[in-house]
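Colleague: Hi! Could you walk me through this model in plain words?

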Amino acid sequence: MKILVVSSVGGHLTEIMQLAPVLAGHEVVLVLNDEAPLPDFPFVRVYRIAHAERDVRVLLNLLEAARILRHEDPDIVLSAGAGPAVPVALVARIGARARVVFVETAAAIVRPTLTGRLMAPLAHRFFYQWDTLAWFFPRAEKASIHFG
C-alpha cells in the first residue's frame with residue numbers, strides 16, 4: 001500500500017511519525033511544507049512544497065498537490081496537519097483515488113483546529129483524540145496517538 005504522509009514541519013510531523021510502526025512495511029512518501037530534518041524513517045521519496053500561511057501560496061500548494069498525487073497515485077493520504085493537509089486533501093478528493101485520513105492533533109483539546117474543521121468534510125476517515133471534541137465531529141472516531 002502506498003501512503004502519502006502530508007505534514008507541516010515541527011510538532012505535527014513529530015505527532016504523525018508516532019504512527020511509524022503502523023507505516024512500516026508500506027511504501028511511504030512524505031510531503032513537507034518546509035525545510036526540516038527528516039524523521040528516521042525509510043521514506044521512498046520526500047517532497048517539499050511551499051509554506052503557505054493562509055495566503056496566495058495555498059494556490060501554489062494546490063498545483064503542487066496535483067503534481068504529487070498524479071505522480072505518486074497513493075492509496076491513502078494521511079495527515080495530522082497543519083496547513084498542507086487541506087490543499088492535498090482537496091485535490092485528492094477531486095481527482096485522485098486515494099482515501100483521505102486525518103488525525104486531529106492531540107494539542108486540540110477543547111476546541112478543534114482550523115485545519116480540523118476544514119478537513120472534517122474532506123476526510124474519508126477522521127480521528128480526534130479527546131472526548132471534548134466529539135461534539136464538533138459527530139462522524140469522526142476517537143483514537144489517540146501515544147507518544148513514546
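Modeller: Sure, here is a short tour, strands to start with and odd spots after that.
This is a predicted model, where local features need pLDDT of at least 70, side-chain atom pairs count only at pLDDT 80 or more, and totals for chains, interfaces and linings use all residues. Residues are numbered from 1 along each chain as its sequence is written, and side-chain values use heavy atoms, with hydrogens and water left out.

Colleague: Is strand 2 mostly covered or uncovered?

Modeller: Mostly covered: 5 of the 6 residues in strand 2 (residues 27–32) are buried. Buried means under 20% relative accessible area, exposed means over 50%, and partly exposed is in between (1.4 Å probe, protein chains only). Strands (E, at least two residues) and helices (H or I, at least four) are DSSP runs, numbered from the N terminus.

Colleague: How many bridges join strand 2 to strand 1?

Modeller: There are 6 bridges between strand 1 (residues 2–7) and strand 2, and the two run parallel. Strands pair if DSSP finds at least two bridges between them. K2, for instance, has E27 in strand 2 as its bridge partner.

Colleague: And what about strand 3?

Modeller: Strand 3 (residues 45–48) also runs parallel to strand 2, joined by 4 bridges. Here L30 is partnered with V46 of strand 3.

Colleague: New topic! Where does E15 lie, and is E15 buried or exposed?

Modeller: E15 lies in helix 1 (residues 11–16). E15 is buried and has no salt bridge, meaning no side-chain nitrogen of Lys or Arg within 4 Å of a carboxyl oxygen of Asp or Glu. The nearest side chain of opposite charge, K142, is 13 Å away; Lys and Arg count as positive, Asp and Glu as negative, while His and the chain ends are not counted.

Colleague: Which backbone nitrogen lies 2.7 Å from a polar atom of the E15 side chain?

Modeller: That is the backbone nitrogen of A106.

Colleague: Which residues are joined by a cis peptide bond?

Modeller: G81 and A82, with omega about -5°. A82 sits in the loop between strand 4 (76–81) and helix 4 (85–95).

Colleague: What is phi of R54 near?

Modeller: Phi of R54 is near 55°, a positive value in a residue other than glycine. R54 lies in the loop between strand 3 and helix 3 (57–72), and is exposed, with a relative accessible area of 74%.

Colleague: And D73: what is its phi?

Modeller: D73 has a positive phi of about 45°, although D73 is not a glycine. D73 is found in the loop between helix 3 and strand 4 and is partly exposed, at 39%.

Key. A polar contact is a pair of N or O atoms within 3.5 Å; within protein, one must be able to donate a hydrogen and the other to accept it, and residues adjacent in sequence count only if both atoms are side-chain atoms.
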